[in-house]
Amino acid sequence: MPIRLVAQHRVRQVVSLDGTWTYRFPREGTVLAPERRAEGVAVDLEVPGVWETTVTRIAYRGQAVACRALDVPRGGPALLRFAGVSHTARVLVDGREVGNHHNAFTAFDCALPQLTAGAHELAVWISNEHGEISGLHIPNDYYTYGGINRPAELHLLADPLHLQRVDATPVRAGGGWRAQCVARLGNLGATAASATLVVELAGGVHRAEVSVPPGGAEVAFTLDCPGAAPWSPASPALAPLHARLERAGAAFDDWNDRIGFRTVELRGQRILLNGEPTFLLGFNRHEDHFEYGCAIPVAAMRKDLEILRDLGCNAVRTSHYPNDERFLDLCDELGFLVWEENHARGQTVEAMRHPRFREQAYAVTDEMVRQHRNHAAIVIWGVMNECGSNHPDGRVMYEEQFALIKRLDPSRPHTFASCRHANDICQDLPDVIAWNLYPRWYHPCSPQEYLDEILGRYGAQIGDKPFIMSECGAGGIPGVRDPVRRAKWSEDRQADILVELVECYAWHPRLTGLFLWQFCDVRVDDSWAMARPNAVNDKGIVDGWRRPKLAYPLIRDLFRKRLPSR
Ligand code: ADA
């Protein structure tokens, strides 16, 4: 299965590394150095996949080494590309380390300037451990799985000079469209290399000679796009972007993507899509499934989006980390509006002082924006859900990540979901205000009273910015019923609370978006098991197998009333 649903390469030779790998686990304990992998217990497992789907490693937290043969049909420069390894990886070819990465939810490449033809061994040392290794993957209200959770590929390059990607930001120009583009070129050689760069998009063509020093270079240009049609949830038109490198008129490398022409702007309290005020209505979704863990196959992703569409949603929040790019491809195709978020959930300032948190959370934001910025569906970047925005040390980290986002992508607004209200000292930083509130569930008052009280007390802090209810919800254990609709965790009580929340917040004049918590039930970390019935956060409108709960048709009716055109 390719890493993307877009055919990214027609000229470059790409070999999928998906399929059966042999994982080696320590015979005892949780430690296995890559050089001692042969001593480990062998378990075959599919890539993409996580070891918690096996019978023997259903709750294993530790190290493993995933191995497979690498048959290289022709020698030369190459890249190994991993769309996600959960959560820390060291990649070895024939026992030599060629790259490493932290964090399950962003992609990374390992450059191989001189890969010889023939048989090699590929080994990936993987850890899903908690503790010093990760400031982001901590015991949490969702589960950190272990394994190569997203697809992997071997790219055989024809030349050390190659295309890394082309970013295209749509801009309105008079009655038509332009794209501000940046081509990113890599050079794995020891000397400068030159070629002709050709980029085609929606009737616009850019052709230029490029000379690229060892390492790489960026080339910025603007394209007029006379053939561009606007992208919107009602009509999600995507234009192919073709980029290639040529010498003597023959292409030796390429990179392809799809661009949706649309604008996102803020005016006063509203978010404008293509100049029109838009209400974002949808769910928070964890990338989690009782059958697959976080390694969800495309068919199941598509089903999730079908369910969200059936529920009348136009939006989804990728709580609390960047999503599989194939999910984002589907959102582009199906016209969903996405709040994509970096990886961090609920870390107080003490947790943010973990020696690696700052650098790791910054890196996820950096990788998320760089890797996903061509997706038309993404309309807001979010960072660090419910972290230490009540403390000056936390504020420094919000400031630096927001500055990074503006530097990498000034075309989209940014936000973070706060639960600090009275004590929040960061509400002046994001473009869009977002609060997580749980009236009826964690706070014994009505949705209206709770929001009015908070707005009355702290409304001045948020000024006139757009304001989204980023989370609210209630738990419901599948099958638990209560004829008098009182019992906490009954499906009946959940349905009543959700209806009350939506009736208030989906029509509240101060709000410009509502994301219910949450789309599906998710497995939680063992340390949360005593706080969550069945060790599951059960606030889903569907369970972990996607079976609808009692609230489903009621919320569908309300959502469809709120957004009849969806
Ligand atoms: C928070 C948090 C979510 C989830 C939720 C809940 O708002 O952002 O990740 O834990 O609470 O279910 O309590």
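Is Thr278 buried or exposed? In this predicted model, Thr278 has a relative accessible area of 16%, and because a residue counts as buried when that value is under 20%, Thr278 is buried. The residue is found in strand S20, which covers residues 276–278. Leaving out residues up to four places away in sequence, Thr278 touches Ile271, Leu273, Asn314, Leu337 and Thr512. One of these partners, Thr512, is 234 residues apart from Thr278 along the chain, and yet the C-alpha atoms of the two are separated by 7.2 Å.

The strand that holds Thr278 belongs to a sheet, and we can follow that sheet next. Three strands form this open sheet in the order S18-S19-S20, with antiparallel pairing. Its edge strands are S18, residues 264–267, and S20, each of which pairs on one side only. On average, and with direction ignored, neighbouring strands of this sheet are turned by 45 degrees against each other. Strand S19, residues 270–273, is joined to S20 by three bridges, and the two run antiparallel; within this pairing, Leu272 has Pro277 of S20 as its bridge partner.

A second open sheet can be traced elsewhere in the chain. This one has four strands in the order S1-S10-S5-S8, again with antiparallel pairing, and its edge strands, which pair on one side only, are S1 (13–16) and S8 (108–115). Here the average turn between neighbouring strands, with direction ignored, is 20 degrees. Inside the sheet, strand S5 (residues 76–82) pairs with strand S10 (residues 152–156) in the antiparallel sense over five bridges, and Ala78 finds its bridge partner in Leu156 of S10.

Parallel pairing can be seen around strand S26, residues 432–436, which is mostly covered, since five of its five residues are buried. The cover extends to both faces of S26: Val432, Ala434 and Asn436 are buried on one side, and Ile433 and Trp435 are buried on the other. Strand S25, residues 414–418, is joined to S26 by four bridges, and these strands run parallel. S26 also pairs in the parallel sense with strand S27, residues 467–471, over four bridges. Trp435 is a useful residue to follow here, being the bridge partner of Ser418 and having Met469 in S27 as a bridge partner of its own.

From the strands we can turn to the nonpolar interior. The largest nonpolar core has 102 residues, of which Phe283, Met384, Tyr398, Tyr505, Leu514 and Ile555 touch the most other members. Helix H7, residues 491–505, supplies the largest share of this core, namely eight residues. Tyr505, when neighbours within four places in sequence are left aside, is in contact with Phe279, Leu437, Pro439, Pro447, Leu451, Met469, Cys472, Leu511 and Leu514. Apart from this core lies another, of 32 residues, among them Ala66, Val98, Cys110 and Val124.

How do the helices lie against one another? The axes of H7 and helix H8 (residues 552–562) come within 9 Å and cross at roughly 10 degrees. Because angles under 35 degrees count as roughly parallel, H7 is roughly parallel to H8. In this pair, Ala495, Leu498, Val499, Val502 and Glu503 of H7 meet Leu554, Ile555, Leu558 and Phe559 of H8.

Another pair of helices is arranged at an angle of its own. The axes of helix H1 (residues 298–310) and helix H2 (residues 325–334) come within 10 Å and cross at roughly 40 degrees, which means that H1 is oblique to H2. The crossing in which H1 passes H2 is right-handed. H1 contributes Val298, Met301, Arg302, Leu305 and Arg309 to the contact, while H2 contributes Arg326, Phe327, Leu330, Cys331 and Leu334.

Finally, we can look at Leu201, which is found in strand S13, residues 193–201. Leu201 is buried, because its relative accessible area is 1%. Not counting residues up to four places away in sequence, Leu201 touches Ala168, Ala179, Leu223, Cys225, Ala239, Pro240, Leu241, Ile259 and Phe261. Ala239, one of these residues, is 38 residues apart from Leu201 along the chain, and their C-alpha atoms are separated by 6.9 Å.

Conventions:
Residues are numbered from 1 along each chain as its sequence is written. This is a predicted model: local features need pLDDT of at least 70, side-chain atom pairs count only at pLDDT 80 or more; totals for chains, interfaces and linings use all residues. Side-chain values use heavy atoms; hydrogens and water are left out. Buried means under 20% relative accessible area, exposed over 50%, partly exposed in between (1.4 Å probe, protein chains only). Contact means heavy atoms within 4.5 Å. A nonpolar core is a set of buried Ala, Val, Leu, Ile, Met, Phe, Trp, Tyr and Cys residues joined through side-chain atoms within 4.5 Å. Two strands pair if DSSP finds at least two bridges between them. Axes are lines fitted to C-alpha atoms, for helices over the stretch in contact, and angles run from 0 to 180 degrees between N-to-C directions. Angles under 35 degrees count as roughly parallel, over 145 as roughly antiparallel, 65 to 115 as roughly perpendicular and the rest as oblique. A crossing is left-handed if the near helix is turned anticlockwise from the far one by less than a right angle, and right-handed if clockwise.
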